[in-house]
Structure formats: structure tokens, C-alpha cells
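Reader: I have a structure open and would like to go through it with you. Could we begin with the charged pairs and then move on to the ligands?

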Amino acid sequence: MEKALSKPSDLSFFQRFRRIFTPIAIVYLVLLFGQQAGLEPGRIIREIIDNPVIIIQQVITGLANAAIITIIAMGYTMVYGIVENINFAHSSVFMHGTFVALLTMSIFAQGATVVPLWVALFAFIPAMLYCGLLNGLVERYVYRSLRKSARIVALIAGLGTDFMLQNIGLKIGDLGLIPNIDRTATGVKFLRILGLQSASPKSFPAVQEFFAGPGVPINLLELIDKNATLRITAADVMVIATALIAVFTLNWFVRNTRSGKAMRAVAQNPAAAAMMGIDVDRIINLTYIIGGALAGAAAVMFGVYNGTTSSQIGSTTGLNSFTAAVLGGVGNLQGAALGAIFIGLLSSISDQFISSRWTTAWVFLTLVLVMIFKPTGLLGSEGGEKA
Amino acid sequence: MSILELNNVHTFYGNIHALKGITINVNEGEIVTLIGSNGAGKTTTLRTIQGLLKPREGSIKLKGEEISKIPAHEVVKRGVSQSPEGRLTFPRMTVKENLEMGAFQRSDKEGIAADMEKVFGLFPRLKERISQRAGTMSGGEQQMLAMGRALMANPKVLLLDEPSMGLAPILVDLIFDIIRELHRQKTTILLVEQNARLALGVADRGYVLETGEIVLKGDAKDLLTSPEVKAAYLGERGH
Ligand SMILES: Nc1ncnc2c1ncn2[C@@H]1O[C@H](COP(=O)(O)OP(=O)(O)O)[C@@H](O)[C@H]1O
Ligand SMILES: [Mg+2]
């Protein structure tokens, strides 16, 4: 596991030159081409000076996004930590979770565009159960028999599963109708909830407690100061609180429970774990189930926060989360949160000051740069505590 | 009374026939050693006993019960634990957590606590390092930890795979003193070693393994003086 890093003194002149020159070249290229993508430092600085509140506002939005990204990234990182496999089906499991959340909330909404908060909270249960089960099944029937094969085999199988789940997601998008349990009407009526087209974005019902009026989110800061210019919504608070709860619960779980300790043991040395009497297959499956359940929780948070989903939602959100996991040091839980905060802030700042069309490109650039310059991530896979 | 019996055990790695029908028995309270050169199949034997590898043929009995077909995590519960080759401690867990992992299959809190005290009695060094992460410890300390961890399972048979490997002579002596102490406490041990002289020095009986077959067996002191063993395993180290 330990990699022997060459010490600076071992570097030849050329290597040293390259080490200094490459970052300069990258910064130069980013500034040069970044301009096309809206990276205009002069304008951005002026905008910030003109209205400094905006940047704080974007930090809040960024942290809320980071909360969702963290939860998904933890699913990637836990699985990687324990079997060194990048579960490419994870983003589709998350996407399925958004559909389960949407269906649950819509069934309770019965055609209304607004639901009470408890409905959103209730949606966590089916979404987490479904995603946990789905990810567990993917482990059992896709990955398990490939565990001893070359790593690329599992990766390709994961990609195939991802495509399959995406297409099933597309099919779920066709499930336009759910029964309407209207007691006053005679017979069962049907409600159209998922739109007419399978691929089109679907809208979540809004959470009543989060809105002052149609489309007007309650600003919690206005409760303190009527003229508050900054805005913190209940949805912001909900996603950040949920993420904190998830992070702390998971940390507590892996440190203090019997299964959690077994997970750490398998992550650190599967052969020794088996010798301790740990059922390694069961623990690996459990890790996927927990990772999946987290994706389910993230799916509810995503739906409530963004109010929309589609069968393609997994790819962007998956990219963000995967990048966060890699950035933090894949296999490292704290790293995932750290990476998620970076990606969340990068996205919200880019959306506001650069151009939302280019946000994904910036995230990709980050991924590529991390892969090139620090493949072990910020905290490295050896630095902190793995799963 | 025989506590562990291997009868005509054949183990394969794919097509590689690693164990070619070995028969070994270990009596209660005995130290039995399995010696042989690198690649003979010693580690394979221990992994097969623990259920980590499934024999294609033959039987393994613990106290008369067949254990060759049950999953590895059940074998520990039945009373077989091991200190593996290369120690395989959990590097990012503390000494205490490593020891607790050794008792993973147990639920008797008092028994576990008592055994931990016993382990600390055998290895005071581990007590000093109780909250240190295993990965930061020296090879000798990790060997002690691996042995302590195996003892935490309160095994009926303790398997030790090359406990002296890579250790300085003074630490090797210390480890073998512990093995003698365990013997006095009536722990049943199957000891795998490349260092035949040391192993036969502490053992009651021994088996010599060569390319997956038992070629010689007998009382340890007879093996120590046997010409074949002298030539093949004690030769260049002889006085
Ligand atoms: N995982 C494995 N896959 C294939 N062959 C193996 C594996 N492990 C060990 N072997 C082979 O089995 C034989 C016995 O190995 P081993 O039990 O490790 O020997 P020892 O412990 O006596 O040094 C050797 O020929 C070795 O190459
Ligand atoms: Mg060996």
C-alpha cells in the first residue's frame, strides 16, 4: 500500500523544470481559455466589490450542494475503501432514489403541488430502503463474482450496470400515472405525476413549511432581521443538517458498532478479517447497502432542494460526487466531505460568477488535475481513517 | 486425546496441487511443529485448516467434528485461530482495537476482558502501546500483537505461522519464550516454522513437509537428530 515517493533531491534538472513549469502552463491555459467560459477576473472582482453579499450567498448555496455531494461521495468512498472498486452504478442508484422519493411524495400529494414537511421526511424511508437494496443486489449479482478478476472487469461491469439502471430510470419516467385515492369520487382515478415524456425533467411537490407563498421560499434570516439581504432557506438548513447527521452517524457506526468495526477490519486487511471470524462477503454487501441507503438519502435531499429530477440526473451529480471523493482521497470519509465542500463551492461560484454552462467543465478540470498531480487526493488514502 | 486431525487433505490453487494428501494430528496441550522450506505448503496447510481454502479431498476434524466444509468465520467460533504469516495486523487500528477484533466471534464480556489481561501479562509491551496504531509499531511488536490477537479468540488450537520471520535474534528468543509459556499453560499449538532448530526445540512432535507432502514425522527430539532433517533443514545452521 505504501508508495515510495521520490524525494525532491532525487529529481533531475528536467524533472524539476517540469514540476515548476507545468503548473504555470496550466494556470496560463486556464486563464486564456477560461475567458471564453466566462472566467473574466476583472469583471468578477468588480461584481464582488459592487455586491459582496452575493459571494456569501453563493457560499451558502455551495455548502448546501456540498451536503448532497458529501452523502453521495461517501457511498463511493466507503465501497472503494473496502473493496477498492469504484462503483460506477452508484450514480444511477442515486437517480433511482430521486424517482422513489418523487413517487412517494406524489402519492401523498395526490395531485397537490405542495406537501407538508413530514411527507418529505417520510420519503427518506422508501428511498433509503430501495437504494440500499438495489446497491446490495448490484454487489451480490454483479461485483461479487468478479472480485478476484482484474479490476478493469469490475469497472466495465459497473459501467454496464449503470447504463442498464439509467435505461430502467428512463422507463420509470414513463410511469406517468398513479392511482388517486379520492374517496369522494367513484372508482379509482389516476393522476399524471411524471410528465408525458419519459426523458423530460420531473417536478417534485414543494415542501409547505419551506415556502411563504407559491415559489417564495421562507428566508429564515428575515425572522431575525426584516431587511435581511442574505437568504438562508429552510431547505438549506435541512440538507446541511441531514448531511451532518449522516456524516456523524456513519462515523459513529464504523467506530463503535460490531459491523462497523468489521467493516474497518475488512478495509484494512480482508485476509486477516476472515481469520478473525468476520464474514467478509456479508460485510462487503453491507457496505454497499449502506452506501446505497446514503445515496437514497441524498436523493430525497436533492429532490427537496432542487425540486426536479430526470433519468440523466445521475451523470452530473455522480461526476460531482465522484470528483469530491477523488479530491478528498478516495477511501477516506473525511476526505469525501472536504472534497464535497470544494466542489460545492466551485460549482456555486462558477454558476454565479463564471457561467453555469461551464460549471461541469470546471469540475472535470479539477478531476483531471487531481488525477495528474495528486492521485491520492488531499488527505490521501493512507492519511485519515478509511471506512 | 487428539484435538485436531487432518486426514489425506488435498488443496489446490486452481490447477496447482499445493497439498497432496497430508495427514497430521495434534493432541490436546501439545506443541506440534510443521517444518519445511519455502513453498512447501505450510501456510497453505494453516489456511486450509482455518477454512480460508477448501480442500478438494480429505477431512479436517476439530474434536471429532468435521470443519473442512464450514465457512472460515465459523471455524474461528469453533476454536481455531491463527497468527498469520506476515502478521497481518490492522494497521489503522490501535493495539486495543486489534485485540478486540481477535475476540470478534465472542460475546462473553468478562471472558474477553480476562483474556485481554492475560495477553497483557504475556506481552507487557502491548499494554504500554495500548492506544498506538498497529501500523506504526516495529516488526517484533506487531508479531506480539498478531499472537495476542489470535489468543483473544480463546482458541482450542492456536496456529502460528512463522512467528520468527524477519525478527532480530533477541526478539525471536522472546517470542519462543512466550511459546514455551503458552505450552506450560496447556495451550494447544500448531507451529509452522522455517527455522527448524528453534521449532523442534520447543515442540513435542514434528512433521516435515516437502512440496505438499509429509515426508517425515516423529518426536521433536528424534527429528532434531535425524540425518535427513540435519542435512536438509539444520545443515548450514549447524554448530
Ligand atoms: N495464492 C496462491 N496462488 C497460487 N499458488 C499459490 C498461492 N499461494 C501459494 N501458492 C503455491 O503453493 C505452494 C505452497 O505455498 P505456501 O503454502 O505459501 O508455502 P510455505 O508457507 O510452506 O512457504 C507454493 O508452490 C506456492 O507457490
Ligand atoms: Mg508460508
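Author: A definition is needed before the charged pairs: a salt bridge is a side-chain nitrogen of Lys or Arg within 4 Å of a carboxyl oxygen of Asp or Glu. Please also bear in mind that this is a predicted model. With that definition, E139(A), R144(A), R147(A) and D281(A) are linked in a network of salt bridges.

Reader: How many salt bridges does the structure hold over all chains?

Author: The count over all chains is 19. As a general point, side chains of opposite charge can pair when their charged atoms come close.

Reader: Back to the network. What is the distance between the closest N and O atoms of E139(A) and R144(A)?

Author: Those atoms are 3.2 Å apart in the salt bridge between E139(A) and R144(A).

Reader: And is E139(A) buried or exposed?

Author: E139(A) is buried, because its relative accessible area is 0%, and the limit for that class is under 20%. R144(A) has 21% relative accessibility, so R144(A) counts as partly exposed.

Reader: Let us turn to the contact between chains. Which residue forms a salt bridge with E97(B)?

Author: The partner is R264(A), and the N to O distance between the two side chains is 3.0 Å. This pair crosses between chains: E97(B) belongs to helix α3 of chain B, and R264(A) to helix α8 (residues 258-268) of chain A.

Reader: Why does R264(A) count as buried?

Author: R264(A) counts as buried because its relative accessibility is 1%. E97(B) is also in the buried class, with a relative accessible area of 18%.

Reader: What about E100(B) and K96(B), where do they lie?

Author: Both lie in helix α3 of chain B, four residues apart, which is about one turn of the helix. E100(B) and K96(B) form a salt bridge, with 3.4 Å between the closest N and O atoms. E100(B) is partly exposed at a relative accessible area of 28%, and K96(B) is partly exposed at 36%.

Reader: Now the metal. Which residues are the protein donors of the magnesium ion?

Author: The magnesium ion, ligand 2, has T43(B) through OG1 and E85(B) through OE as its protein donors, at 1.9 to 2.0 Å. The pair links distant parts of the chain, since the two are 42 residues apart: T43(B) is in helix α1 (residues 42-49) of chain B, and E85(B) is in the loop between β6 (80-83) and α3 (95-102) of chain B.

Reader: How accessible is T43(B)?

Author: T43(B) is partly exposed, with a relative accessible area of 24%. E85(B) falls in the partly exposed class at 33% relative accessibility.

Reader: Next, ligand 1. Which residues surround it?

Author: The shell includes Y13(B), I16(B), A18(B), S37(B) and N38(B), together with K42(B), T44(B) and both T43(B) and E85(B). By class, the shell has four nonpolar, six polar and two charged residues.

Reader: Which element gives the largest share of that shell?

Author: The largest share, three residues, comes from α1(B).

Reader: Any polar atoms worth listing?

Author: An oxygen atom of ligand 1 is 2.8 Å from a polar backbone atom of G39(B). A side-chain N or O atom of N38(B) is 3.3 Å from an oxygen atom of the ligand. For K42(B), a backbone N or O atom lies 2.8 Å from an oxygen atom of ligand 1. Taken alone, ligand 1 exposes 560 Å², and the protein buries 61% of that.

Reader: A change of topic: backbone angles. What is phi of E84(A)?

Author: E84(A) has a positive phi of about 50 degrees, although it is not a glycine. In general, most residues other than glycine have a negative phi. E84(A) lies in the loop between α3 (52-83) and α4 (90-109) of chain A. L88(B) has a positive phi near 45 degrees, and its place is in the loop between β6 and α3 of chain B.

Reader: Finally, H10(B): where is its place?

Author: H10(B) is in strand β1 (residues 2-13) of chain B. H10(B) is buried, with a relative accessible area of 14%. A polar contact of 3.2 Å joins the side chains of H10(B) and N8(B), and the side chain of H10(B) reaches the backbone nitrogen of G21(B) at 3.4 Å.

Conventions
Residues numbered from 1 in each chain as written. Chains lettered and ligands numbered in written order. Predicted model: local features only at pLDDT ≥ 70, side-chain atom pairs only at ≥ 80, totals over all residues. Heavy atoms only, no water. Donors = N, O, S within 2.8 Å, 3.2 Å for Na, K, Ca; no water. Buried < 20%, exposed > 50% of the residue type's maximum accessible area, 1.4 Å probe, protein only. Near = heavy atom within 4 Å. Polar contact = N/O pair within 3.5 Å; in protein donor to acceptor, adjacent residues only side chain to side chain. Areas by Shrake-Rupley, 256 points an atom, 1.4 Å probe, with all protein chains shown as cover. Nonpolar A, V, L, I, M, F, W, Y, C, P; charged D, E, K, R; others polar.
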